[in-house]
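Visitor: I should like a close look at the strands and at the helices that pack on them. Please describe how they are arranged.

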Amino acid sequence: FPFPYAPYRIQEQFMEALYGALEAGRVGIFESPTGTGKSLSLICGALSWLRDWEEKRRQEEARLLAAGAGGQDGLSPQPSGPGSGGTAGQPDWVTAFVQSKEERDMVDRLKEEQIRRKKREDRLEKIRHNVQLKYAAKRKRCEEDEAKRLLQLSKEALSQGAAEGALDQLDHNEEELILADYESDDEKKVVSGLEEDDDDDDLEEEHVTKIYYCSRTHSQLSQFVREVQKSPFGKDTRLVSLGSRQNLCVNEEVRRLGALQLINDRCMEMQKNKHEKKSNEENEGKKRRVSHTVCPFYSYEQMQFLRDEVLVEVKDIEQLVSLGRETKACPYYGSRFAIPAAQLVVLPYQMLLHEPTRNAAGIKLKDQVVIIDEAHNLIDTITCIHSAEVSGSQLCCAHSQLSQYMERYRKRLKAKNLMYIKQILYLLERFVAMLGGNVNQNPGCQAVSQTGTVLKSINDFLFQSQIDNINLFKVQRYCEKSLISRKLFGFVERYGGPASAVKTNKENQKLAGLQNFLLTLQQGSDKEGAPQSPPVEAEHDQLRAASPLMQIEGFLSALTNANQDGRVILNRQGTVGQSSLKFLLLNPAVHFAKVVEECRAVIIAGGTMQPVADFREQLLCCAGVDPARIVEFSCGHVIPPENILPIILCSGPSNQQLEFTYQTRDLPQMMDETGRILCNLCNVIPGGVVCFFPSYEYEKQVYGHWEQTGLLSRLAAKKKIFQEPKKANQVEQVLVEYAKCIKRCSQTGGQMTGALLLSVVGGKMSEGINFSDDLGRCVIMVGMPYPNIRSPELQEKMTWLDKTMPRAGGQAPSRVLIENLCMKAVNQSIGRAIRHQKDFASILLLDHRYTRPAIFNKLPQWIRERTQVKPAFGSAFAELRKFHRGKLDAL
């Protein structure tokens with residue numbers, strides 16, 4: 001395997017296993033701890049396979065073409081199938097004729113493909129070497145811009161004199177708010193926005209075999225692209241990075257809309273305007289309005305130019321955006337044009353896992369390779385993407401907006417439109433009734449009589465809310481095609497004043513599942529967490545201005561899932577406004593099945609994939625993958641065994657047994673014992689100590705207790721204490737201060753030996769943040785972070801698993817789920833400390849329950865092999881002191 005430096009042995013093993021899995025078309029679960037060069041191994045292993053595969057295909061093509069040129073004889077020795085001798089009793093000459101026709105067609109197809117490929121390669125080669133070509137294109141753009149500007153000026157000069165234009169405009173302004181005539185339910189496929197250039201054979205470009213690489217955040221994707229640039233494949237790989245419009249749009253006017261949904265809608269509308277160029281273009285000057293403009297960056301010629309530029313040289317998202325600005329071409333669509341010819345497509349999770357998004361992006365998975373990196377939360381991610389939530393206040397608000405819209409334009413709307421609007425109003429009315437309210441009253445003032453949470457199957461929900469007679473598939477298609485939420489947003493923007501826009505999210509600021517997930521992604525906030533985690537505050541401001549109907553559409557489409565795969569949660573709280581309806585997806589496999597079926601091979605990779613059983617049973621086997629097709633690979637760590645000291649501690653300094661269950665962890669003696677352990681450790685451990693608590697509430701409680709008992713000041717004498725902030729935007733600042741403090745202490749010496757960071761499992765610090773070297777010399781895990789078993793969603797998931805999954809090793813699937821969720825969180829958190837080959841750290845698990853075999857075996861193998869169990873604190877303390885003293889002397 002080509003590699004930028006001599007690879008570690010485990011990297012070689014990883015690449016060999018990866019190559020084998022791709023060659024055999026397997027579904028692989030690959031685990032390679034952070035710090036072992038996983039990205040490079042993925043790049044070099046997968047691209048080596050792709051290069052060899054392309055070479056084999058070329059040779060095969062050459063052989064067939066040569067045989068085809070040599071006349072019929074060269075072809076006949078290769079029968080097309082095992083039973084070709086007179087299939088189904090047909091005479092041999094019929095079979096032979098059919099066969100030779102197939103072969104002739106194949107040779108013709110290969111010849112065409114070769115010509116097309118040659119054309120593409122020549123074009124890219126020309127761009128690579130011809131600087132003048134770029135300048136010519138640039139000059140042409142400048143000329144066009146100038147011409148446009150002059151034309152615009154003359155149009156404005158003309159329209160200034162026309163006083164009657166003012167009257168005309170009033171009327172015209174509202175034109176765009178009125179829904180277009182909705183053809184019919186089985187209407188022809190809407191043009192994708194590119195069909196006008198159908199005569200261009202480039203559009204029909206065949207998808208070459210490629211690798212789709214997904215990760216969770218845009219920063220992780222950019223990091224991966226930089227690794228590709230540095231790798232031996234950096235020069236001659238055709239790579240394209242895909243992102244959302246929010247990340248790629250270069251039209252400032254559209255970018256300013258902020259919320260993803262609004263950006264998407266405005267973009268689609270501008271394209272529609274491009275296709276519906278009116279015949280009376282000369283009137284455009286008078287009637288020009290934002291919504292009627294077409295996007296200046298959506299120029300087919302420029303986007304093709306951008307496509308070629310992207311394919312010539314590996315670029316990450318930032319480089320793609322600046323190239324788009326420079327070439328006045330849309331990076332969002334330009335990058336999509338590059339998909340067919342690309343060998344490596346880099347994209348965020350949800351683009352690949354959410355089928356409508358995948359189709360819209362023009363991603364074809366048939367016979368391709370998919371690599372999903374950072375996949376430890378894959379099950380949660382799929383659940384999150386396909387779940388949706390709407391609040392009572394959003395439902396009422398949408399109902400009032402839509403009723404006003406219908407009243408205002410009743411005379412202008414066609415019958416089909418009116419029928420669908422009435423259906424949507426009826427649905428909203430019934431949803432609010434299910435929450436115990438009335439749409440015509442203020443949701444904030446209606447008290448709910450029976451509070452609490454009720455779970456229903458989809459069918460029960462549809463039946464009890466009396467909407468089982470409405471075809472939700474048709475309503476969903478109507479919403480999509482008519483852009484009704486966009487029109488409604490424009491209407492409210494104009495007539496509703498700011499109040500009605502904010503009112504949507506005032507009482508309940510929870511977002512629909514997909515949008516919530518997309519936003520978490522965009523902000524690079526490195527956490528999508530378990531489904532029951534609360535949304536981050538920063539996201540609300542972004543969608544506050546969006547139309548509530550947009551979120552409701554997400555909920556309606558969720559209701560079209562199969563009855564057994566999801567549940568509707570009715571959450572009735574205080575008032576109707578605060579109550580909500582939530583769709584919970586129970587079976588993520590239904591949405592993953594298509595990916596696994598269509599792809600040639602799928603690789604699910606991560607730094608910590610333990611426990612792996614979840615992926616195998618809940619995701620792959622449920623998606624119908626043959627167990628024989630699944631391969632698992634887990635490699636050790638590159639650090640020498642003596643650089644890590646994991647200890648399970650069963651009791652503290654005063655022999656108090658450590659067991660942090662819900663019942664015992666609040667006892668003063670448990671909190672005191674935890675404090676004593678930390679005080680002792682801070683005396684002997686240099687640099688940074690990171691201590692993880694099971695929840696924010698518990699961390700706050702312990703901190704308060706230590707403050708009262710004076711233990712906090714004893715701790716603070718040795719280490720400066722930092723706490724993980726709840727707000728995502730403050731994390732960076734805390735980390736910078738923490739790192740500064742440790743550096744200062746190590747340089748000046750003295751009483752203070754570093755810093756102590758109190759963090760939360762599943763919080764901002766437990767994923768995606770590196771505590772390498774002095775930032776994390778010891779990681780302490782207080783108790784076991786079991787999820788909240790009382791959560792109705794989790795209970796439903798447990799019941800569902802017990803019904804649908806077989807018992808494993810005598811344990812109920814629900815019990816296994818709880819343990820797995822706990823241990824996944826633990827493994828993510830303790831893996832933060834060791835980040836490269838020369839790093840060293842100690843890991844302390846405070847709870848005797850970690851010694852149970854079922855739990856112990858779920859630790860990552862490289863940690864498990866080196867773990868010591870210490871029943872008493874004395875011997876554990878001696879080990880830790882010896883370990884850190886030895887390391888200090890070695891430095």
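Guide: The following account takes up a parallel sheet with its helices, and then a helix pair. This is a predicted model, in which local features need pLDDT of at least 70 and side-chain atom pairs count only at pLDDT 80 or more, whereas totals for chains, interfaces and linings use all residues. Residues are numbered from 1 along each chain as its sequence is written, and side-chain values use heavy atoms, with hydrogens and water left out.

Helices (H or I, at least four residues) and strands (E, at least two) are DSSP runs numbered from the N terminus, and two strands pair if DSSP finds at least two bridges between them. An open sheet is formed by 7 strands in the order 14-15-13-16-17-12-18, with parallel pairing. Strand 14 (719-723) and strand 18 (868-870) stand at the edges with a single partner strand each, so one side of each has no neighbour in the sheet. From one strand to the next, the twist averages 20°; angles run from 0 to 180 degrees between N-to-C directions, and axes are lines fitted to C-alpha atoms, for helices over the stretch in contact.

Within this sheet, strand 13 (residues 687-693) and strand 15 (residues 754-760) pair in the parallel sense over 7 bridges. Phe692 has Ser759, in strand 15, as its bridge partner. Helix 28 (residues 668-684) packs on the sheet and touches several strands, including strand 12 (644-649), strand 13, strand 16 (778-782) and strand 17 (841-846); contact means heavy atoms within 4.5 Å. The direction of helix 28 makes about 165° with that of strand 17. Helix 30 (residues 711-718) also packs on the sheet, where it touches strand 14 and strand 15, and its direction makes about 115° with that of strand 14.

The helix pair comes next. Two packed helices are described by the angle between their axes and the distance between the axes. Helix 32 (residues 792-804) and helix 33 (residues 813-830) pack at an angle of about 130°, with their axes 7 Å apart. The two helices, helix 32 and helix 33, are therefore oblique to each other; angles under 35 degrees count as roughly parallel, over 145 as roughly antiparallel, 65 to 115 as roughly perpendicular and the rest as oblique. Leu794, Lys797, Met798, Leu801 and Asp802 in helix 32 meet Pro813, Ser814, Leu817, Ile818 and Leu821 in helix 33. By class, this contact of helix 32 with helix 33 has 7 nonpolar, 1 polar and 2 charged residues; Ala, Val, Leu, Ile, Met, Phe, Trp, Tyr, Cys and Pro count as nonpolar, Asp, Glu, Lys and Arg as charged, and the others, Gly among them, as polar.
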